[in-house]
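Grab a pencil and work through these exercises with the model open beside you. Each one sets a task and then walks through a solution.

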Amino acid sequence: MIKSVLIFNQLGKPRLIKFYEQIGTTQQQEILREIHALVAKRPDTQCNFLEGCQSMGSSSSDSSHRIIYRHYATLYFVFVVDSSESELGILDLIQVFVEALDRVFENVCELDLIFHFDEIHYILMEVVEAGMVIETNLTEISRAVNEAKQQIKPASEHSRL
Amino acid sequence: MAPMKGLTVFIADLRKCRSHEDEEKRVNKELANIRTKFKEPSLNGYNRKKYVCKLVYMALLGYEVSFGHREAVDLVNSTKYSEKQIGYLAISLLMEEDADYGRMVVAAMRRDIHDTNEFNVSLALNAVSNICTREIAEVLTQDIVAQLLSPVASMFIKKKAALCLLRLLRRFPEAVNAQQWAARVIPYLGHRDIGVTLSVASLVTALAQQFPEDTRKAASFAVRRLKSLVIDNEYAAEYIYYKVPAPWLQIKLLRLLQYFPAPESPELRSLLLSILRHIIDVSQDTPRELQQMNAQYSILFEAINLGIQLDIDQGLMQECAVLLGRFITSREINVRYLGLETMAHLAAYIDSLDTIKTYQGVIIQSLRDRDVSVRRRALDLLYSMCDVSSAKTIVSELLRHMVVADFTLREEMALKVAILTEKYATEYSWYVDVMMRLVSLAGDHMGDEVWHRIVQVILGNEELQLYACKIALQTLKAPVCHESALKVSAYVLGEFGHLIANAPDCAPVDQLKALQSKMASGSQSARAVALTTVGKFINLFPEIKTLCLRVLDRYRGALDAELQQRACEYYALATLESEDLMPTVFEEMPPFPERRSALMSRLLKREADTEDQRTWVFGGREINRERKLQKAGKTVEDSEEPPVAAVPQLLEVPEQTRFVADGGQTPEELARVAKSKRHYARLLWENDGILYDGDEIQVGLVAQYKPPAGRVGVFLGNKSTAPIYDISIHVACEESSEKQLVVQQATGQGPLPDSLMPLGQARVFFDVKCIDVFATAPTLRIAYTMAGAPTVSELQMPVTIAHFIDPVTITVADFFSRWKQLGDAAIGEAQNVLKTPFLSTDSGAIQWLRNVVGGAGFALIQGADAEPDNIVGVGIATTENAGRFGCLIRVEPKPAHGLTRVTIRATNPTVAKVVAANINMVFESK
C-alpha cells in the first residue's frame, strides 16, 4: 500500500503532502523533513529506493517502509510504500503522475504546483486512491480531471453574477 | 479551476516573506482575519471556499489549523461543484477521524454517492476512503458495494468504489460484512476495463488474505486475465506504458496469485507456467529505453516471486537464478538493487543454492556498493543464501564489513551474524570466537538479545564451556574490552570459571583480577553483571573469599542504587553464619530450555508491519518451508475440514478475552470475565473467532455446522515467551446433556504436538452431533504445563442447540399463520425485554441486529412486519433422533426507549429458552 505521496523542492519546501493514513500535522512535517534529509543528500546516480524513515513508525531500518522517489528539476516526488508494492511499479507510477501533471498544466513547473496546490490533489486522486493505484492510463486521467473542471465553469460564472 | 484572487495574493505574500518569522506573522494575521470572517452570517459560498482553501494551504506549510471544519462541511453540502470539491478536499486533509462533525459529513456523503452526477459520486467515494470512520463503514458500505456491482454505474465510479471498499475493509473488517459480497466482486477481475480490473485486483488481494475459502475462484480469473494480457495481447492501446501492456495490472495479478496455493487443475497450472515462461523469455533481451526496462523488469521480478512462491518448476527457477545473476552486475543501479532483493527471495526457497553461490563474490562486493540501499539488499541476500558450506566465508566477510558498515545497518548485521553463526556452527571454538568478536565489534549497535543468546547457548552446551572460559578470560585480559564482551565474559566465568582454575595463569585470583581491571571502566549494567560474578566466585572459590568481599565492600557505597543493592545483598549473604544459603543462591544456572531464539523473533518482528501479509521472509528457509507446508496441508484437507485458513491471523486479533470460568472479584478480574463473555457471545452468532485470550495462551474456534452434525476446530496458540508442554484438549458435556450431544475428536488428524514453542499453534477438530435437544453448552478443557507449572483452563464452549438451527425461507403469510399457531399452542415461548441503549447512539445498530439474527441461523423475512425496523426470522433446529423443531423469532427495537423486545416461539420449550438466552447474551455484551 502507498502510505504517502510527497512533493517537495530541493530546500524541503512542501508542495504536496498526502497521507493515506491518519497522521497528525506535526508528524507529517517531521516525516517530510526526515525524508528530505535522506533524499536530498543522494546523488542522482544512486538508486531510487531507500528505507529507514524512522518518524514513519517502527524500529530503525524497518524494512517494511520503502521510500521510492524521483528527482525532476527542482522537485522531488516521493512515494512511501509498504513491502506489498512493487518498487519498479511505483517508480513508473511516479512517472505517470508527473506526465499527468504535465498534460494538465502543459509543461508543469514548480510555480504551477504552488498556485494550484488543490488541483494537484485532484490529479493525484485520479492516479491513487486509498493508497492504491487506481488508473495509469494518461488519457483517462486527464479526461477525468478536465471533465471535473467543466463541472466548475457554470458554477463559478454563476457565483460572479 | 477558476483562480481565486485573494488566495493567489495570499500565496504570493507568503512567498515574499524573507524569514520564517515573517511568514508566521503573515499566517497568524490571516488566521485572525479568517476567524472573524467565519463569524459573519452573510459569508457567501465563494468567500467561504476561498478561506477554507487558504487554511488548507497553511496546513500544507505545516501550520496547525484547528478550525474551519464546520465551514468545510458547509461547502460539502453546497450544490456548486467547485465548493463541494474544496469542501471534500479540506475535510480529507484536515479532519481527524474521531471528530464529532464526522456525523454531519456522513449524510452528505450518502447523498452524493447516490447523486446522478458521477463527479459528485467520485468526490464522495474519495472522501470516504480518506476519512473512513467506523460509522461511515457501517452506514455506507452497502451503498458502495451497490455502486461497484451496479449494472449502470460507469467504469469511472466502479474502480473508485472498489478501492473505497478496500479501505473500509482494511480499517473495519468486522463492519463491512465482506463475506456477503466477496464472491460477487471476483468476476470483475475479468472485466475488460483495465482500470476496473486493477482496482478490483487490489480489493481481491485483501479479501484473499481474510477469506481464502470464499475467494478461491479468484485464482483462475487472475490466471486467465494474465493470459489475455501477456499471451493474447488483448488490451486497449492507451494502457501500453512504454511498449509494455498494463504493467501495473500484470504486477497486481502476479502478486494476487501469491496468496493462493498453486492451482490444482492441470490446465490452469500449465497456463500459468506458460505465462511465467513468456515473461521470463521476453526479459532475456535488455530493453534499450530506461522506462521500458523498468516496466518490463518490474513484471519479471514479480513473476519470479510468484514462481518461487508456487514452487512450480525448479528448472525454471534455476534459469531465473542465472538471469538475476546478470542483473546484480547490471550497470543500472535500480536493477542491481532489485536483482539482489529478488535473489534473496529465491535463495530463501530454491532447492539448490549452487547457481546462486557462483555469484557469492559479486554479492560480497555489493556490500561495499556506494549506495546504502544496495548494501542493505546485499546483506539480506547473504543472510538468505548462507548454508553450512558457505557460513564461514560469509560470516567472516560480514564481520570484516561490520567495522565500516553504516550505523543504521550494524544492528541488523549483528543480529544476522549471530543467527547464522549459531545455525551453522560445526565447531564450538568457531562459534565462541565469532561471537566474541561480534560483541567486541558491534557491541554498541546491537540489542541485548545478542549477548543474552550467547550466554544461553553456552549454558546449554557443556562442550562449549571450557573453551568459552578460556576465551572469556583472554577477553578480560586484553587491553580493551567492550562492554558487551565484558558482560558475556563475566557471566561465563561466574558460571564455569572453575573449569579452567587449574590451568596456568587462570587461577581464581587471576580471574578475579582480570575482572576487576575491566569493572572500573564498565557501564552500570556491565558492573552489575560483574558484581554477580564476584558473588558467584565466593561460592566457586572459597580461597579468594576475602578478596571478593573486599570488592563487594567497595561497591556497598556505590552511588547507583542497583549496584549498591547487589553489593550489600551479596556481602550479607557471604558473611551469613549459615553456610547453606550461599551455595543455593549462587548455584550454577540450569541450561536454558530450548525455544525459538529471541534473535529470530526479533528479526521476524521487524518484518511484520505491512498492510498485506508477507508471503515470505528473508533467510529462514525452514520457516518458509513450514509456511508452505501449512499452506499445502490446508488445501489437501480442505474437503473435510472447516476453513482453517483464517487461523494464522488468530494471534494478531487485537481483542482480548479471559476465562469464563474464573470469576474473581477484583475490578481487573471482573473486566476479564466481561471480556470473555463478549467473546463467547460473539461466537453465538459468528462461526469463527477467539474464545479466550490470556497472557500465556490464546484459544480460537472455527465452526461449521451441517445440522444435526458439525465440526469445531479448536486452535491453541502459545502467546508467552516459553514453550508449553503436556498439552491436552478435551470437551466434556454436562451430565444432563451427555446423551443429547455427542462430541468426539475428529478422526484422521495427527496427535497434538508434545510441546508448543512461543508463537506456535496447535489445533484439534471435534465432531459434534446433536442427538436430542440439549440445554447446557459443553465445557472445553485445556491443560498444559508451562515452566513446570501445570495449568488447566475450563472454557464454556459455544455449542448450543441454537447452533443447529438452519435458516428457512417462508412467505409472509405462512410466517404469520405459524406465529399464531405456535402462540396458541403455547408449546414454547420465550419473551424478554432487553436493554439496548446502543440503539439510539449507533446508527448501524439495526443492521447489527439483523446480522445477529441472521448469524444465529435464521432466515430474515422481509416486509413481514409493519414496522420496518422490526426483524422477523425463521429457522429450524435439526436433531439426529428427536426430529426437527421450528423456531420463529421476532425482534422489536425501540430506539426511543433504548429497549428491544425479543420473542421466540418454537415447537420445543428448550429450544425457545436457549435461543432467547443466547440472544440475551449477545445483546448484553454488545
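**Exercise 1. Partners of a strand in chain B**

In which sense do β6(B) and strand β10 (residues 779-786) of chain B pair, and over how many bridges?

Solution. First, some ground rules. This is a predicted model, where local features need pLDDT of at least 70 and side-chain atom pairs count only at pLDDT 80 or more, while totals for chains, interfaces and linings use all residues. Residues are numbered from 1 along each chain as its sequence is written, chains are lettered from A and ligands numbered from 1 in the order in which they are written, and side-chain values use heavy atoms, with hydrogens and water left out.

Step 1: get the terms straight. Strands (E, at least two residues) and helices (H or I, at least four) are DSSP runs, numbered from the N terminus. Two strands pair if DSSP finds at least two bridges between them.

Step 2: β6(B) and β10(B) pair in the antiparallel sense, over 7 bridges. To find your place, look for B:Val731, which stands opposite B:Leu780 in β10(B).

Step 3: β6 (724-732) of chain B also runs antiparallel to β8 (755-756) of chain B, joined by 2 bridges. Here B:Ile724 sits opposite B:Leu756.

**Exercise 2. Two open sheets**

Work out the strand order of the open sheet in chain B, then do likewise for the one in chain A.

Solution. Step 1: in chain B, 5 strands line up as β3-β4-β5-β9-β7, with antiparallel pairing. β3 (688-693) and β7 (741-745) of chain B are at the edges with a single partner strand each, so one side of each has no neighbour in the sheet. From one strand to the next, the twist averages 25°.

Step 2: check one pair. β3(B) and β4 (697-706) of chain B are joined by 5 bridges and run antiparallel. B:Tyr692 has B:Val699 in β4(B) as its bridge partner.

Step 3: in chain A, the open sheet of 5 strands reads β2-β1-β5-β4-β3, again with antiparallel pairing. The edges are β2 and β3 (49-51) of chain A, each with a single partner strand, so one side of each is left without a neighbour in the sheet. The twist averages 20° from one strand to the next.

Step 4: β1 (2-9) of chain A and β2(A) pair antiparallel over 5 bridges, with A:Ile7 partnered by A:Leu16 of β2(A).

**Exercise 3. A helix pair**

At roughly what angle do the axes of α15 and α17 of chain B cross?

Solution. Step 1: axes are lines fitted to C-alpha atoms, for helices over the stretch in contact, and angles run from 0 to 180 degrees between N-to-C directions. The axes of α15 (290-310) and α17 (333-347) of chain B come within 10 Å and cross at roughly 5°.

Step 2: that makes α15(B) roughly parallel to α17(B) (angles under 35 degrees count as roughly parallel).

Step 3: now list the contact (heavy atoms within 4.5 Å). α15(B) brings residues including B:Tyr297, B:Phe301 and B:Ile304, and α17(B) brings B:Leu338, B:Thr342 and B:His345, among others.

Step 4: by class, the contact has 8 nonpolar, 5 polar and no charged residues. (Ala, Val, Leu, Ile, Met, Phe, Trp, Tyr, Cys and Pro count as nonpolar, Asp, Glu, Lys and Arg as charged, and the others, Gly among them, as polar.)

**Exercise 4. A pocket**

Which strand gives the most to the lining of the second largest pocket?

Solution. Step 1: on a 1 Å grid over the protein atoms alone, a pocket is an open set of points with protein on both sides within 12 Å along at least five of seven lines, and lining residues have an atom within 4 Å of a point.

Step 2: 29 residues line the second largest pocket, and A:Ile23, A:Thr25, A:Gln28, B:Leu93 and B:Leu94 lie nearest its centre.

Step 3: β2(A) gives the most to this lining, with 5 residues. By class, the lining has 14 nonpolar, 10 polar and 5 charged residues.

**Exercise 5. Unusual backbone**

Where is the cis peptide bond that involves B:Pro708?

Solution. Step 1: the cis bond joins B:Pro707 and B:Pro708, with omega about 10°. B:Pro708 lies in the loop between β4 and β5 (709-718) of chain B.

Step 2: in chain A, A:Ala73 has a positive phi, near 45°, though not a glycine. A:Ala73 is in the loop between β4 (66-72) and β5 (75-81) of chain A.

Methods
On a 1 Å grid over the protein atoms alone, a cavity is a set of points where a 1.4 Å probe fits but cannot get out, and a pocket is an open set with protein on both sides within 12 Å along at least five of seven lines; lining residues have an atom within 4 Å of a point. Angles under 35 degrees count as roughly parallel, over 145 as roughly antiparallel, 65 to 115 as roughly perpendicular and the rest as oblique.
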